[in-house]
Amino acid sequence: METAKELKESAQDMLPGFAYEYVRDVQANTTEMMSQTKLYSIHLSDAFAWLEAREENSIHAIVTDPPYGLKEYTDIEKTKLRNGRGGVWRIPPSFDGCKRSPLPRFTILDNTDIAALRSFFTRFAKQAVRVLVPGGHIMIASNPLLSQYVYMSLLAAGLEKRGEIIRLVQTLRGGDRPKNAHREFHDVSVMPRSAWEPWGLFRKPCEGRVQDNLRKWATGGLRRVSCNNPFLDVIQSAPARREERKIAPHPSLKPQAFMRQLVRAALPLGRGIILDPFMGSGSTVAAAEAIGYMSIGIEKDSAYYSVARKAIPALARFTPNGANGRSGGPLAAAKRPKIDSHQEGGCIRREADCRSDRPVSGASQCV
């Protein structure tokens, strides 16, 4: 077993200037687990309590799919979900032998629920701005029904909206006929069938010019796919495959082919620490591990935390289906991998050497 001093020295060798806070945090929190690679730690903790204790300017990017903290992830609703009946979760029927994943019914949120949602994200945004370094990005999953509440809270905290990343994905959400009147109004859908998922892209303001911020903090931009190809804001992505769900059974699991593209882009120079404060079963942390980035995951649900401990190493080794990892959706340029692209073959190259004094392979040489 390595001593704390050895862990600190090892991490500092990998990432000068960033690793000390990472290791010190590991020492201070008794509910954590550090990976054998020393690239990530995960914590069984309330995200807000953890963020409040974290030092300012110590996280370089946040990539997260939050629980919309609220109704569907309360203990009562999670119990109903795990029992497979009742509550806010819509449990789709099996079809052709396939058991479909449950989805939350956001349309039943009332004004009190929406007020709680806005309060949740206001609190999150305030802490996120504090712990992010200048120029650090937030990539946050949302949906077309609720994104406005999330985005306004982040803007009010002082973050800059830098666009949206559109995940093209067909789910079961929407397209339904009126409840209990589907025969009478058989030509009517209550809302469109969803074919996309928005991820808000926000940035903490830079110190001076982007180039100055990159030199000081290694943040401020997004990592290019390759020298000739920037990161795109439209990514074609099927739902997580059955094989991934067996590894990490979570109702909101995002596929590795998609998450690795987000995570890689979040650190423009390929170095720094990525945080997922609402880790779930660990897909963000696994994506960071797969490409050699340092990361921290926080999860307050003990059942999901236990899943993540086992799932993260397996997800990091998972080889996504090639078609599931290609970027750009219907764009002709995305139909085949680019030369030198990290998407080639549906795989994301692991960035094996993160030292600041050496060039990082691939796109970072052109940033």
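At what angle do the axes of helix α9 and helix α10 cross? Some notes on that, and on a few other spots in this predicted model.

1. **α9 against α10.** The answer is roughly 70°, with the axes of α9 (residues 256-266) and α10 (residues 283-291) coming within 8 Å. Angles from 65 to 115 degrees count as roughly perpendicular, so that's the label for α9 and α10. As for handedness, α9 passes α10 in a right-handed crossing.

2. **Who touches whom there.** On the α9 side you'll find Q256, M259, R260, V263 and R264. They meet S283, T284, A286, A287, A288, A290 and I291 of α10. Sorted by class, this contact comes out at seven nonpolar, three polar and two charged residues.

3. **α10 against α11.** Next up is helix α11 (residues 302-317), whose axis comes within 8 Å of that of α10 and crosses at roughly 45°. That angle makes α10 and α11 oblique to each other, because oblique is what remains outside the roughly parallel, roughly antiparallel and roughly perpendicular ranges. The crossing is right-handed. From α10, the contact takes in S283, V285, A286, E289 and A290, while α11 brings I312, L315 and A316. The class split for α10 with α11 is six nonpolar, one polar and one charged. If you're colouring by contact, note that S283, A286 and A290 turn up in the list for α9 and also in the one for α11.

4. **The strands around β7.** Strand β7 (residues 160-168) pairs with strand β8 (residues 196-203) in the antiparallel sense, over eight bridges. For a handy register marker, take E164, which stands opposite G200 in β8. β7 also pairs with strand β9 (residues 234-236), this time in the parallel sense and over three bridges. Here L168 is the one to look for, standing opposite Q236 in β9.

5. **Confidence, before you set anything up.** The chain has a mean pLDDT of 78, and 68% of its residues reach 70 or more. Two stretches are worth flagging. Over residues 91-100 pLDDT stays under 50, and the model has 14 contacts beyond four places in sequence for them. Residues 351-367 also stay under 50, with 40 such contacts in the model. Where pLDDT is low, predicted coordinates shouldn't be read in detail.

Notes. Residues are numbered from 1 along each chain as its sequence is written. This is a predicted model: local features need pLDDT of at least 70, side-chain atom pairs count only at pLDDT 80 or more; totals for chains, interfaces and linings use all residues. Side-chain values use heavy atoms; hydrogens and water are left out. Axes are lines fitted to C-alpha atoms, for helices over the stretch in contact, and angles run from 0 to 180 degrees between N-to-C directions. Helices (H or I, at least four residues) and strands (E, at least two) are DSSP runs, numbered from the N terminus. Angles under 35 degrees count as roughly parallel, over 145 as roughly antiparallel, 65 to 115 as roughly perpendicular and the rest as oblique. A crossing is left-handed if the near helix is turned anticlockwise from the far one by less than a right angle, and right-handed if clockwise. Contact means heavy atoms within 4.5 Å. Ala, Val, Leu, Ile, Met, Phe, Trp, Tyr, Cys and Pro count as nonpolar, Asp, Glu, Lys and Arg as charged, and the others, Gly among them, as polar. Two strands pair if DSSP finds at least two bridges between them. pLDDT is the predictor's confidence in each residue, from 0 to 100.
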